[in-house]
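I opened this model to go through its strands, helices and voids. These are my notes, in the order I took them.

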Amino acid sequence: MGKTLADKQAMVTELKQELSQSQMTLVIDYKGLTVAEITDLRRRLRESGATCAVAKNTLMRRAVDGDENWQSLEEFLKDSSAFLFLKDDLNGPIKAYQDFQKATKKSELRGGVLEGKALTFEEVKAIGDLPSKEQLMAQIAGALNALVTKIAVGIKEVPSGLARGLQAYADKDGSTSDEDQAA
């Protein structure tokens with residue numbers, strides 16, 4: 001039984017809402033995937049803060065119609081399409097999809113859209129290869145910690161060096177005084 005007009009309008013509204021909450025959207029060809037495999041993909045994406053929707057290309061065309069940010073999505077709309085909506089973290093969901101794709105070897109990434117720009121498979125893969133937000137924060141924290149440690153050691157070394165210099169001067173003065181008294 002086909003979908004009614006109301007069902008289709010509700011789906012377009014749902015797609016528009018997903019797009020408005022997303023930073024990036026990927027289009028994959030899901031032909032050949034079983035329901036269990038789609039469910040597995042959705043579970044993997046949910047863990048990384050993304051969602052997956054399967055919709056007819058005509059419904060997605062209506063959802064992006066007039067929206068400049070997502071208009072370039074239309075070039076990927078052919079055959080059977082599933083849409084991955086990436087919200088906050090871009091890296092995690094892309095890696096989750098890549099892991100899923102390696103496991104199933106059935107789906108194919110057509111491309112994606114980020115900030116109104118169409119991205120090829122290679123560009124999406126490059127974004128997925130970037131370090132995650134948590135890794136970047138750890139690297140920055142490590143660098144800041146090393147800098148603070150060097151500053152603390154440098155500050156501590158100033159009075160120590162001054163004390164050693166004064167002690168060396170005092171020792172030198174004391175040894176010349178002893179020689180003067182012996183002569």
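**Strand E1 and its partners**

I began with a residue pair: Leu26 stands opposite Leu84 in E3. I keep in mind throughout that this is a predicted model.

I then checked how the two strands run. E1 (residues 24-29) and E3 (residues 81-86) pair in the antiparallel sense, over six bridges.

I looked for the other neighbour of E1. E4 (residues 108-114) pairs with E1, also antiparallel, and I noted six bridges for this pairing. Within E4, Leu109 is the bridge partner of Ile28.

Next I asked how much of E1 is covered. Six of its six residues are buried. In a regular strand, side chains alternate between the two faces of the sheet. I therefore listed E1 by side: Met24, Leu26 and Ile28 are buried on one, and Thr25, Val27 and Asp29 are buried on the other. Both faces of E1 are covered.

**Helix H3**

I moved on to H3 (residues 57-64) and pulled its buried residues: Asn57, Leu59, Met60, Ala63 and Val64. Seen down the helix axis, they fall within an arc of 155°, so they line one face of H3. I looked up what they pack against and found helix H1 (5-21) and E3.

I also checked the backbone just after H3. Gly66 takes a positive phi there, of about 85°.

**Helix H5**

Which residues of H5 are buried? I found Val124, Ile127 and Gly128. They cover an arc of only 100° around the axis, which puts them on the same side of H5. I listed their packing partners as E1, H4, E4 and strand E5 (117-119).

**The cavity**

How many cavities of 30 Å³ or more are there? I counted one. The largest cavity holds about 40 Å³ of space. I wrote down its lining: Ile94, Tyr97, Gln98, Leu109, Phe121, Val124 and Lys125. The elements that give two or more residues to this lining are H4 (91-104) and H5 (121-129).

I sorted the cavity lining by class. Five residues are nonpolar, one is polar and one is charged. Two names tie back to my earlier entries. Val124 lines the cavity and is a buried residue of H5. Leu109 lines the cavity and bridges to Ile28.

**The pocket**

I then turned to the largest pocket, with about 210 Å³ of space. Its lining is Lys95, Tyr97, Gln98, Asp99, Gln101, Lys102, Ser107, Glu108, Leu109, Phe121 and Lys125. H4, E4 and H5 each give two or more residues to this lining. Which element gives the largest share? H4 does, with six residues.

By class, I got three nonpolar, three polar and five charged residues for the pocket lining. I compared names across the two linings. Tyr97, Gln98, Leu109, Phe121 and Lys125 appear in that of the pocket and in that of the cavity.

**Thr39**

My last lookup was Thr39, found in helix H2 (residues 35-47). Is Thr39 buried, partly exposed or exposed? Its relative accessibility is 46%. The class of partly exposed lies between 20% and 50%, so Thr39 counts as partly exposed.

I also took one distance from Thr39. Cys52 is 13 residues away in sequence, and the C-alpha to C-alpha separation is 9.4 Å.

Note on methods
Residues numbered from 1 in each chain as written. Predicted model: local features only at pLDDT ≥ 70, side-chain atom pairs only at ≥ 80, totals over all residues. Heavy atoms only, no water. Buried < 20%, exposed > 50% of the residue type's maximum accessible area, 1.4 Å probe, protein only. Helix = DSSP H or I, 4+ residues; strand = E, 2+ residues; numbered from the N terminus. Pairing = 2+ DSSP bridges. 1 Å grid on protein atoms, 1.4 Å probe; cavity = no way out; pocket = protein on both sides within 12 Å on 5 of 7 lines; lining within 4 Å. Points joined across faces, edges and corners; volume = space filled by probe spheres on them. Nonpolar A, V, L, I, M, F, W, Y, C, P; charged D, E, K, R; others polar. Arc of directions from axis to C-beta. Contact = heavy atoms within 4.5 Å.
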